[in-house]
Amino acid sequence: MSRSTKFTLGLIAVAALVLAGFIIFLDPDEQESAPAEDTGSASAQLVREDSPRLSEGGDAVFVEYLDFECEACLSLYPTIEEIRAEYGDRVTFVVRYLPLHGNSVEAAKAAEAAGEQGEFEAMYKALFENSAEWSHQETSQREAFFGYAEELGLDMERFEQVYDDPATLERIERSAADAEALGVTSTPTFFVDGERLEPTRVEDLTDPLDAALEG
């Protein structure tokens, strides 16, 4: 199956999820009560110094606002992985969080805690690839996330310290506050070099990257 076909199928799945109500959009009337109103800056930042990177280098910056519990993000995850493999270290791939589901914040905390030990990418993959085990559960999935950390061979004492550190939650809330200020209300939302993309085909993601690299 070609990458374009996979992406098209992913978009079809996204459309179906919208109709089914699985993709959550922030209600403008509720945005004032969103977490972390203080972004730590006078203006929103698309990328912050502490924003996690899946790769770094090159002349283009690709940003994805995601929610690890988002079905649309999961549907497009294989395509994003193929794009990452194709562009490699020619592009900086940045992850920002917009948690919209019950265990989304906890999943982001797991990714942050793994990142503190240099294993953000490994946890990012584990969360998506094991989504069926933990997502859309009514109870906390902390035990599952700690299980993934143990499988990755992480120092579990350090992992727990970072996972439970209020500063970790603050970083996630700051990301969500940046999203709100930038007008990002759903996941996944993509940017290349600060320009927001509205992809309907895979080329809508790769063409801006090619232009940025050629420029």
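These legends walk through several close-up views of one predicted protein model.

A word on conventions: residues are numbered from 1 along each chain as its sequence is written. Because the model is predicted, local features need pLDDT of at least 70 and side-chain atom pairs count only at pLDDT 80 or more, while totals for chains, interfaces and linings use all residues; side-chain values use heavy atoms, with hydrogens and water left out.

**View 1. The whole chain: nine helices and five strands.** Let's start with the overall layout. Helices (H or I, at least four residues) and strands (E, at least two) are DSSP runs, numbered from the N terminus. Along the sequence they follow the pattern α-β-β-α-β-α-α-α-α-α-α-β-β-α. The chain has 215 residues, and 45% of them are buried, where buried means under 20% relative accessible area, exposed over 50% and partly exposed in between (1.4 Å probe, protein chains only). About 10300 Å² of the chain is exposed, and carbon and sulfur atoms supply 47% of that area; accessible areas come from the Shrake-Rupley method with a 1.4 Å probe, and for residues only the protein chains shown count as cover. Contact means heavy atoms within 4.5 Å. Among contacts between residues at least 6 apart in sequence, 78% join residues at least 24 apart.

**View 2. The largest nonpolar core, with its 46 residues.** A nonpolar core is a set of buried Ala, Val, Leu, Ile, Met, Phe, Trp, Tyr and Cys residues joined through side-chain atoms within 4.5 Å. Look here for F62, F68, M123, Y124, L127 and F159, which touch the most other members of the largest core. Helix α2 (residues 71-87) gives the most to this core, with seven residues. Apart from it lies another core, of ten residues, including Y65, L98, L100 and A179. Setting aside residues up to four places away in sequence, F68 touches Y97, A107, A108, A111, Y124, L127, F128 and W134.

**View 3. Aromatic rings, with F62 and F93 in focus.** The whole structure holds 13 aromatic pairs. Rings of Phe, Tyr and Trp (its six-membered ring) pair if their centres lie within 6.5 Å; planes under 30 degrees apart count as stacked, over 60 as edge-to-face and the rest as tilted. For F62 and F93, the ring centres are 5.3 Å apart and the planes lie at 50°, so this pair is tilted. F62 sits in strand β2 (residues 60-66) and F93 in strand β3, so the pair ties together parts that are 31 residues apart in sequence. Both F62 and F93 are buried. Elsewhere, ring pairs link F68, Y77, Y97, F120, Y124 and F128 into a cluster.

**View 4. T92 in strand β3 (residues 91-97).** T92 is buried, with a relative accessible area of 9%. Its contacts, leaving aside neighbours within four places in sequence, are R53, S55, E56, G57, A60, V61 and F62.

**View 5. S175 in helix α8 (residues 166-182).** S175 is buried, at 1% relative accessible area. Not counting residues up to four places away in sequence, S175 touches Y65, R96 and Y97. The C-alpha atoms of S175 and S51 are separated by 8.3 Å, although these residues are 124 residues apart along the chain.

**View 6. Salt bridges around E81.** A salt bridge is a side-chain nitrogen of Lys or Arg within 4 Å of a carboxyl oxygen of Asp or Glu, and the whole structure has 16. R84 and E81 form one of them (3.0 Å, N to O). These two are three residues apart in helix α2, so about one helical turn separates them. Both R84 and E81 are buried. E81 also bridges to K125, with the closest N and O atoms 4.0 Å apart. Since E81 lies in helix α2 and K125 in helix α4 (residues 120-129), the pair ties together parts that are 44 residues apart in sequence. K125 is partly exposed, at 28% relative accessibility.

**View 7. C70 and C73, two cysteines without a disulfide.** A disulfide is a pair of cysteine sulfur atoms within 2.5 Å, and the whole structure has zero. The sulfur of C70 has its closest cysteine sulfur in C73, 3.2 Å away, which is too far for a bond. C70 is buried at 3% relative accessibility, and C73 is buried at 1%.
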